[in-house]
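Let's take a walk through a protein fold, one piece at a time. Have the structure open and follow along.

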Amino acid sequence: MQTQKRAILLLRSETGNPKDFMQQRKSFSKILEKLELYVIKTIESYGKSETYSVYSIALSSIRRHAIWRDYEYLLIPTINIFGRTPIEITEEIKFLENNGVKVISLSEGEISVENLPLVFRRQFKVIK
């Protein structure tokens, strides 16, 4: 018998508005259903993007559960929750992959260390 795959759902809102969280839950529900995932924990993160401490609290919980092998998937709204620079983001993705976690973003799709350079390139805008 195959066990159901477990996931952590990380929701993000700058204002903490419940409507933001509900909209993200609705978007994630399709992914959860398609991949047959069971949510073991939902983390609601809010605050301005400048307040990095909000993210570090959520990320420490995510890292701890990854080390304990509590889940196989992390669902996030965007990879920017992992840090301010491509190096910080890459290190977090690498850490999660090394602990058996696949990362799926609403904005960028499935993220891995292999496809991160392409994701970063898409975020750059050419200004003429």
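Here is a short tour of a sheet and the helices that go with it, in a predicted model.

## The sheet as a whole

Start with the big picture: 5 strands make an open sheet, and reading across it the order is E2-E1-E3-E4-E5. The pairing is mixed. As a reminder, strands in a sheet pair through backbone hydrogen bonds, and they can do this either parallel or antiparallel.

Which strands stand at the edges? They are E2 (37–46) and E5, and each has a single partner strand, so one side of each has no neighbour in the sheet. Neighbouring strands are also turned against each other, by 25° on average if you ignore direction.

## From E3 over to E4

Now find strand E3 (residues 73–76) and strand E4 (residues 102–105). They run parallel and are joined by 4 bridges. One pair to look for is Ile76 with its bridge partner Ser105 in E4.

How does helix H3 (residues 86–98) fit in with these two strands? Together, E3, H3 and E4 make a β-α-β unit, and that unit is right-handed.

## The hairpin at E4 and E5

Move along to strand E5 (residues 109–111). E5 runs antiparallel to E4, with 3 bridges between the two strands. They form a hairpin, and 3 residues lie between them.

You can check the pairing residue by residue. Ser105 stands opposite Gly109 in E5, while Ile104 stands opposite Glu110. Ser105 turns up twice on this tour, because in addition to facing Gly109 it is the bridge partner of Ile76 by the pairing of strands that DSSP defines.

## Helix H1 across the sheet

Helix H1 (residues 18–35) lies across four strands: E1 (5–13), E2, E3 and E4. Its direction is at about 160° to that of E1. Does the length of H1 add up, and what span should its 18 residues have? At 1.5 Å a residue they should span 26 Å, and the end C-alpha atoms are 25 Å apart, so the two agree. H1 does have a kink of about 25°, centred on Phe28.

Which residues of H1 are buried? They are Phe21, Gln24, Phe28, Ile31 and Leu32, and they pack against E1, E2, E3 and E4. It helps to remember that an α-helix has 3.6 residues a turn, so residues three or four places apart point the same way. Notice that Phe28 is both a buried residue and the centre of the kink.

Terms used
Residues numbered from 1 in each chain as written. Predicted model: local features only at pLDDT ≥ 70, side-chain atom pairs only at ≥ 80, totals over all residues. Heavy atoms only, no water. Right-handed = clockwise from strand over helix to strand, strands pointing away. Axes fitted to C-alpha atoms, helices over the stretch in contact; angles between N-to-C directions. Contact = heavy atoms within 4.5 Å. Expected span 1.5 Å × (residues − 1). Bend = angle between axes of the 7 residues up to and from the residue. Buried < 20%, exposed > 50% of the residue type's maximum accessible area, 1.4 Å probe, protein only.
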